[in-house]
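Visitor: I am new to this structure and would like to look closely at a single part of it. Please take one helix, go through it with care, and then follow its neighbours outward as far as they lead.

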Amino acid sequence: MTAPTPAPIISQARAGEHIVVEVALAERAYDIVIGRGAIASLGARIKALRPGAKTVIVTDESVAKHHLATVEAILAASGIASSTFVVAPGEGSKNYATFEAVCEAIIAARIERNDLVIALGGGVIGDLAGFAAASVRRGLDFVQVPTSLLAQVDSSVGGKTGINSRHGKNLIGAFHQPILVIADTALLDTLSPREFRAGYAEVAKYGLLGDAAFFAWLEANWTDVFAGGPSREQAIAACCRAKAGVVARDERETGERALLNLGHTFGHAFEAGAGYSQRLLHGEAVSLGCTLAFEFSARKGLVGGNTAGRVRAHLAAVGLPTQIQDVPGGVPDADALMSLIAQDKKVKRGQLTFILARGVGEAFVANDVDPAEVRAFLNEKISE
Ligand SMILES: NC(=O)c1ccc[n+]([C@@H]2O[C@H](COP(=O)([O-])OP(=O)(O)OC[C@H]3O[C@@H](n4cnc5c(N)ncnc54)[C@H](O)[C@@H]3O)[C@@H](O)[C@H]2O)c1
Ligand SMILES: [Zn+2]
């Protein structure tokens, strides 16, 4: 098979240069700098944006082990004062107690309105440190240095920050845009293969929801993305460009931004069913959810069965789960899954909202999905 011509969304960085994607939000516009070694520019970029700023780095123990010393050295070399606050790794840190500790650490470090919070880590750190930045002194500027693939393509861009409530994930939070995002693709070399693969589900999602050429490009180039070749930064840049576009047009998710939830309604039900445990990572649930969204679309006659098969084949090829039977330990029955779906999504006049598709790259918001149809579909899938 010959590699398809890269989509226009794929752009090459010249040697030694990084790809810069702008999030066009008027006076809150910011750059996402993407590439191997991009972290080296952190100090100079901070100095240019906020001369004289002090910084506090918020990170987790696993990321600190691999990358904290580098970041501290880069800041020191630019004469930027920094202190550090390290939290335990994992979703459990998106709680009130850790949020309080991060806020107190920022205040203790005397970070004021012209200073900066630096979120160095995956989506957990971005959400937690971003929300602390949004809250301390009614809003401090912050910089995202995402270190997981999921964070580089999704959570670090767009300004959603927050922590979890006992009633559900991300229920306490704020929209707070960073002033800069530095996505150094080399930092992903220390990520576990499983976490990388899970993040890749979100990469594929961008192709599936709005860019068929990008999806075809991924089908041809995914091994280089995993291996850390030039395709990795091109893929991450394509995702950031797609997300930046959606966020600039619909910052508060009143419309188009909802398309980013492709695969997430089904996915969240399986994630919740597995108790948000290591049994099923978020991206793994999204992979299964995207496959099911296309298969459900096929069942409704919106796409052909071979389109759904193509989606499944690609996600399975990279080693992601694509069928209910792939979830270790099994899943709740269809009734229990339906109540998880109903909890996740508001049911309006007895109808559910799903992101469905008319083809690869052609997702749309369907507000009128009959729960009985979803239940029958899930029953079929569970007994396959
Ligand atoms: N704000 C948003 O728009 C948004 C979007 C999607 C997801 N999220 C949130 O993001 C979180 C998930 O993000 P995640 O998958 O990055 O989880 P995470 O931050 O927990 O990172 C996953 C694991 O990888 C480790 N890790 C991260 N970078 C590493 C590196 N370079 N080397 C070695 N280990 C590394 C972490 O310590 C952690 O154990 C969830 O809380 C989710 O709600 C937010
Ligand atoms: Zn997601």
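**A bent helix and its neighbours**

Guide: Just after helix α7, G228 takes a positive phi of about 90°. Before going back into the helix, please keep in mind that everything described here belongs to a predicted model.

Helix α7 runs over residues 212-227, and its 16 residues reach 23 Å from the first C-alpha to the last, which is close to the 22 Å expected at 1.5 Å a residue. Along the way α7 bends by about 70°, and the place of that bend is N221. At the start of the helix there is a polar contact to look for, in which a side-chain oxygen of D211 reaches to within 3.2 Å of the backbone nitrogen of A213.

The next thing to examine is which residues of α7 are hidden. F214, F215, A216, W217 and L218 are buried, and so are N221 and V225, so that N221 is both a buried residue of the helix and the site of its bend. The buried residues of α7 pack against α6, against α8 (residues 230-249) and against α11 (residues 305-317). Two of these partners, α6 and α8, can be followed further.

Take α6 to begin with. This helix covers residues 193-210 and holds E202, while H282 lies in helix α10 (residues 282-299), so the pair ties together parts that are 80 residues apart in sequence. What they share is the zinc ion, ligand 2, whose protein donors are the OE of E202 and the NE2 atoms of H264 and H282, at 2.0 to 2.1 Å from the ion. Written as a sequence pattern, the spacing of these donor residues is E-x61-H-x17-H. The two helix residues of the site can also be set side by side by their accessibility: E202 counts as buried because its relative accessibility is 0%, below the limit of 20%, whereas H282, with a relative accessible area of 23%, is partly exposed.

Now turn to α8, the helix in which K243 is placed. You may wonder whether the side of this helix that carries a lysine is open or hidden, and for this residue the value is clear: K243 is buried, with a relative accessible area of 5%. Leaving aside residues up to four places away in sequence, K243 touches V153, D154, V157, Y206, R257 and L260.

One of those contacts, V153, leads back towards the zinc site. V153 is found in helix α5, residues 149-155, and is buried, with a relative accessible area of 0%. Not counting residues up to four places away in sequence, V153 touches G199, E202, V203, Y206, I236, C239 and K243. This list brings together E202, a donor to the zinc ion, and K243, the buried residue of α8. Y206 is also worth picking out on the display, since it is among the contacts of V153 and among those of K243. One further distance helps to place V153: its C-alpha and that of A183 are separated by 8.7 Å, although the two residues are 30 residues apart along the chain.

The model also contains a second bound molecule, ligand 1, which can be looked at in its own right. There are 25 residues around it, and E91, G123, T147, S148 and T190 come nearest. In the case of E91, an N or O atom of the side chain is 2.6 Å from an oxygen atom of ligand 1, and in the case of G123 a backbone N or O atom lies 2.8 Å from an oxygen atom of the ligand. N170 takes part as well, with an N or O atom of its side chain 3.4 Å from an oxygen atom of ligand 1.

Finally, S165 gives a small example of the detail to be found in a strand. S165 lies in strand β7, residues 160-165, and it counts as buried at 16% relative accessibility. A polar atom of the side chain of S165 lies 2.8 Å from the backbone nitrogen of H167. With residues up to four places away in sequence left out, S165 touches L171 and I172.

How values were computed
Residues are numbered from 1 along each chain as its sequence is written. Chains are lettered from A and ligands numbered from 1 in the order in which they are written. Side-chain values use heavy atoms; hydrogens and water are left out. Donors are N, O and S atoms within 2.8 Å of the metal (3.2 Å for Na, K and Ca); water is not among the atoms, so sites may look incomplete. Helices (H or I, at least four residues) and strands (E, at least two) are DSSP runs, numbered from the N terminus. Buried means under 20% relative accessible area, exposed over 50%, partly exposed in between (1.4 Å probe, protein chains only). The expected span of a helix is 1.5 Å times one less than its number of residues. The bend at a residue is the angle between axes fitted to the seven residues ending there and the seven starting there. Contact means heavy atoms within 4.5 Å. A polar contact is a pair of N or O atoms within 3.5 Å; within protein, one must be able to donate a hydrogen and the other to accept it, and residues adjacent in sequence count only if both atoms are side-chain atoms. A residue is near a molecule or strand if one of its heavy atoms lies within 4 Å of it.
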